[in-house]
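Biologist: Could you take me through one part of this model at close range, namely the place where the chains meet, and say which residues carry it? I would like a connected account rather than a list.

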Amino acid sequence: MVSNVTSYSGNGLRDWLAQRLSAVVMVAYVVLLAVYFAMHPVAEQTSWQQLFGHVWMKIITVIVLLNLVVHAWIGIWTIFTDYIKPMWLRVCLELAVILVLAGYLVWGIDILWSV
Amino acid sequence: MKEQRPVNLDLTTIKFPITAIVSILHRISGVILFLFIPLMLWGLQQVLGSGDDFAVLQRCFAGPVSRFILWGILSALIYHIVAGIRHLLMDFGLGEGKVSGRLGARIALGVAIVLIVLLGIALW
């Protein structure tokens with residue numbers, strides 16, 4: 001079995017599964033939002049504040065953000081592996097993306113808990 | 001290596017099959033979504049922030065360019081989800097054959113286009 005030090009799990013099959021599970025989690029979240037905003041006006045700030053005021057919604061959203069980070073990382077890793085051949089460049093870009101994604105996660109948590 | 005290999009560099013005769021187009025669009029839409037994560041987080045920050053923050057967001061939406069950008073991001077999301085569902089179905093063995101694969105690609109493209117157009121109508 002080929003293991004890879006920079007891929008999400010270092011294992012192709014596990015990456016494959018994580019990519020799909022995270023996708024399903026995010027689709028469920030999109031459906032949740034779509035159903036909520038079918039019943040509440042999307043252009044009103046109170047709709048958003050009401051929804052994200054609930055602790056369960058904050059927790060769900062953080063879980064979705066974690067799934068997003070994993071999903072994005074697997075996707076970007078695949079694309080970098082496909083198109084960027086010089087090892088040093090690929091590793092530099094991968095590192096940059098990891099830092100950026102970690103930053104998004106922290107930013108997202110900060111946004112949610114300042115409501 | 002053989003000396004006389006068939007070479008076709010006439011780009012006008014090279015055409016991507018529909019399955020390849022649906023596949024590359026899935027990848028492109030994924031990259032677009034990745035690139036726009038900060039903008040979406042900023043939007044969430046504004047919509048959950050103070051009344052002033054929300055006013056900034058509303059002013060942004062008033063412009064046709066930003067509305068077009070929003071439509072573009074949501075279109076990428078719609079496409080990525082539809083093509084992703086096709087992928088999941090293929091994981092379960094549905095639409096993997098040569099004929100069924102093409103049919104699945106056509107259906108995915110068609111469904112995505114309809115949803116994107118409907119979104120456009122809703123936004124304008």
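Modeller: I will begin with a single acidic residue and work outwards from there, keeping in mind that this is a predicted model. A:Asp82 is partly exposed, with a relative accessible area of 37%, and its side chain meets that of B:Arg27 in a salt bridge, with N and O 2.7 Å apart. Because A:Asp82 lies in helix 3 (residues 55-83) of chain A while B:Arg27 lies in helix 1 (residues 18-35) of chain B, this pair joins two chains. B:Arg27 also counts as partly exposed, at 24% relative accessibility.

The structure holds 2 salt bridges over all chains, and 2 are found across the interface of chain B and chain A. Besides the pair just described, B:Asp91 forms a salt bridge with A:Arg20, and here the closest N and O atoms are 2.3 Å apart. This pair too crosses between chains, running from helix 4 (residues 64-91) of chain B to helix 1 (residues 12-39) of chain A. Its two members fall into separate classes of accessibility: B:Asp91 is partly exposed at 32%, whereas A:Arg20, at 15%, counts as buried, since the cut-off for that class is under 20%.

A:Arg20 leads us into helix 1 of chain A, which has 28 residues and reaches 41 Å from its first C-alpha to its last, close to the 40 Å expected at 1.5 Å a residue. The N-terminal end of this helix is capped by A:Asn11, a side-chain oxygen of which lies 2.9 Å from the backbone nitrogen of A:Leu13. Buried residues of the helix include A:Asp15, A:Arg20 and A:Ser22 as well as A:Met26, A:Tyr29 and A:Phe37. What covers the buried residues of helix 1 of chain A includes helix 2 (45-53) and helix 3 of chain A, together with helix 4 of chain B.

Turning to the contact as a whole, it takes 24 residues from chain B and 28 residues from chain A. The area buried between the two chains is about 2,100 Å², and carbon and sulfur atoms give 74% of it. On the side of chain B, the residues B:Arg27, B:Phe34 and B:Leu48 supply 31% of the area that this chain buries against chain A, more than any other three residues; B:Arg27 is thus named here as well as in the salt bridge with A:Asp82. Across the same interface there are 7 residue pairs in polar contact. Helix 1, helix 2, helix 3 and helix 4 of chain B each supply at least two residues of the side that touches chain A, and the largest share of that side, 9 residues, comes from helix 2 of chain B.

The nonpolar packing also spans both chains. In general, nonpolar side chains of soluble globular proteins tend to be buried together. Here the largest nonpolar core has 31 residues, of which A:Phe52, A:Leu101 and B:Leu44 touch the most other members. Elements giving two or more residues to this core are helix 1, helix 2, helix 3 and helix 4 (87-113) of chain A, along with helix 2 (37-48) and helix 3 (51-62) of chain B. Helix 3 of chain A gives the most, with 9 residues. Leaving aside residues up to four places away in sequence, B:Leu44 touches A:Trp48, A:Phe52, A:Ile111 and A:Leu112. Apart from this core lies another, of 11 residues, among them B:Val22, B:Tyr79, B:Leu119 and B:Leu123.

How values were computed: Residues are numbered from 1 along each chain as its sequence is written. Chains are lettered from A and ligands numbered from 1 in the order in which they are written. This is a predicted model: local features need pLDDT of at least 70, side-chain atom pairs count only at pLDDT 80 or more; totals for chains, interfaces and linings use all residues. Side-chain values use heavy atoms; hydrogens and water are left out. A salt bridge is a side-chain nitrogen of Lys or Arg within 4 Å of a carboxyl oxygen of Asp or Glu. Helices (H or I, at least four residues) and strands (E, at least two) are DSSP runs, numbered from the N terminus. Buried means under 20% relative accessible area, exposed over 50%, partly exposed in between (1.4 Å probe, protein chains only). The expected span of a helix is 1.5 Å times one less than its number of residues. Contact means heavy atoms within 4.5 Å. A polar contact is a pair of N or O atoms within 3.5 Å; within protein, one must be able to donate a hydrogen and the other to accept it, and residues adjacent in sequence count only if both atoms are side-chain atoms. A nonpolar core is a set of buried Ala, Val, Leu, Ile, Met, Phe, Trp, Tyr and Cys residues joined through side-chain atoms within 4.5 Å. Buried area is the accessible area (1.4 Å probe) that two parts lose on being put together, summed over both.
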